[in-house]
Amino acid sequence: MKQLPYKFLGVQLDPLSISELNSLVTESIQRNKKWIIANHNLHSLYLYHHDAKMRTFYAKANYAHIDGMPLVFLGKLLGFPLKREQRVTYADWVWSLMAEAANQSWRVFYLGSKPGVAERGAKILREKFPGLEIAVHHGYINKGSQQNLETLAAINTYQPHVLMVGMGMPRQEYWILDNLEHIHTNAILTSGACMDYVAGAIPTPPRWMGKMGLEWLYRLFSEPKRLWRRYLVEPWFVAGLFLREILNAK
């Protein structure tokens with residue numbers, strides 16, 4: 001179902017809705033393919049242009065969906081026919097994805113969050129979606145450590161159809177890139193704070209704010225010390241990319 005991606009602000013983006021992303025996961029499982037389904041938002045754009053390892057990761061990704069309404073707005077201003085439903089964040093997608101996993105008997109492994117948080121989130125998901133097979137492990141593991149080897153062994157023993165890596169950017173992308181050859185799964189998803197939202201460890205922004213492109217404001221007020229630079233400094237770099245693209249087009 002590969003369709004031509006859009007390219008703007010220096011990156012390639014696949015305009016995919018939740019149902020289309022679920023279809024991609026289904027296809028990777030049915031064809032027994034190992035696909036990285038990544039995503040882009042303003043923060044990842046900043047990292048992409050400043051971090052060679054992130055560029056290497058996205059070069060290996062099979063798809064990169066849009067996780068940020070500002071990218072939809074900027075893309076539309078640049079002439080791309082993007083729609084609101086083509087902005088997909090895990091706060092929305094996780095519920096549909098887990099419903100599909102339960103219905104299709106997919107095994108899901110979630111790697112990420114602080115110790116105890118992922119277990120709490122998995123318990124909530126199992127209660128909501130009876131029959132869901134999901135295993136978890138916290139994301140506080142060091143590169144090249146014995147614990148990392150044990151975590152990889154646990155993932156491969158479980159034989160998941162879907163591996164969700166939720167360590168935040170760029171740690172989750174680094175981990176996937178460093179361990180890709182040793183991971184045996186189909187769909188690999190960079191899922192950020194997905195399980196933190198499910199478990200209630202981080203408050204979920206009102207969904208209307210996401211549709212209006214204001215979710216960043218809610219998150220900034222919720223975690224100002226951690227996110228002030230991401231939301232108050234980095235967007236100016238992306239604005240510069242946008243202006244250069246406008247000027248080059250003219």
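**Exercise 1. Locate Q159 and describe its backbone.**

Solution. Start with the place: Q159 sits in the loop between α7 (146-158) and β7. Helices here are DSSP runs of H or I with at least four residues, strands are runs of E with at least two, and both are numbered from the N terminus. Next, the backbone: the phi of Q159 is positive, about 55°, although Q159 is not a glycine.

The model is predicted, so local features need pLDDT of at least 70, side-chain atom pairs count only at pLDDT 80 or more, and totals for chains, interfaces and linings use all residues. Residues are numbered from 1 along each chain as its sequence is written, and side-chain values use heavy atoms, with hydrogens and water left out.

**Exercise 2. Is N32 buried or exposed?**

Solution. First find N32: it lies in the loop between α1 (18-30) and β3 (35-40). N32 has a positive phi of about 55° and is not a glycine. Now apply the cut-offs: buried is under 20% relative accessible area, exposed is over 50%, and partly exposed is in between (1.4 Å probe, protein chains only). N32 has 61% relative accessibility, so N32 counts as exposed.

**Exercise 3. Which loop holds P170?**

Solution. P170 is in the loop between β7 (162-166) and α8 (171-179). Then check the bond before P170: the peptide bond from M169 to P170 is cis, with omega near 0°.
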